[in-house]
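Student: I should like to understand how the terms used for a protein structure are justified. May we go through an example together?

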Amino acid sequence: MVVAESLAIFALAKKTIDLVSTAVDTAESAGSLYHGLDKLFHVKDQVAKHVNKKPEKAKSKLRHFFNKTTHEDEDDELSVGSVAAMVLEQKKLDRQILNLSIRIDNKFGTGTWDEILKTREKLLEERAEKKKTARKAAKKKKIEEKEFWDKVVHYFVEFFKLVFVLASAYGIGWIIWVNRCTEGNC
């Protein structure tokens, strides 16, 4: 399962880069690259998360070569082969993205790729800020809601205290009235 996941993530990244590269050649504007670049950044983030995780048991030819050369256990997730395979896959992906950035800059003008990256970072920061604000608002709303229900319970209890006092006063008044009439004073 883990092997398939690792290979699938890197394959998806390579396929996405190829797709965006083809789109660069045929695109007339940067807007037509939007979906491909969006997918590329999403896949790149997945790859970064995957590589930064604890090295996994993804068996590849490169990993097998390193393990055979260093005489390490192939099942060891911290072996040089495991780590090297993941790092080198990341480097190959980074190189392909660099080549893509050069093609985009050549097609749409120098600095386009940097502008794309800066805009993406800005949008990610804005999204994070919105999420943070939404969490704060939700927390504040939850506190306000709790305070509201605490007040409702408080007033409900006070109302029943008043009803009890009035009922007790009525009962005492009734007992006094009944006792007054039984003594023959009525």
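Tutor: The following exchange sets values against definitions. This is a predicted model, in which local features need pLDDT of at least 70, side-chain atom pairs count only at pLDDT 80 or more, and totals for chains, interfaces and linings use all residues. Residues are numbered from 1 along each chain as its sequence is written, and side-chain values use heavy atoms, with hydrogens and water left out.

Student: Why is the pair Lys146 and Asp150 called a salt bridge?

Tutor: A salt bridge requires a side-chain nitrogen of Lys or Arg within 4 Å of a carboxyl oxygen of Asp or Glu. For Lys146 and Asp150 the N to O distance is 3.1 Å, so the pair satisfies the definition.

Student: How do you know whether Lys146 is buried or exposed?

Tutor: Buried means under 20% relative accessible area, exposed over 50%, and partly exposed in between (1.4 Å probe, protein chains only). Lys146 has 54%, and therefore counts as exposed. Asp150, at 41%, is partly exposed.

Student: What makes Glu158 and Lys161 a salt bridge?

Tutor: Their closest N and O atoms are 3.3 Å apart, so the pair also meets the cut-off. Glu158 is partly exposed at 34% relative accessibility, and Lys161 is partly exposed at 46%.

Student: How many salt bridges does the structure hold?

Tutor: The structure holds two salt bridges.

Student: What does Val47 touch, not counting residues up to four places away in sequence?

Tutor: Contact means heavy atoms within 4.5 Å. By that rule, Val47 touches Ile9, Phe10, Ala13, Gln90 and Leu93.
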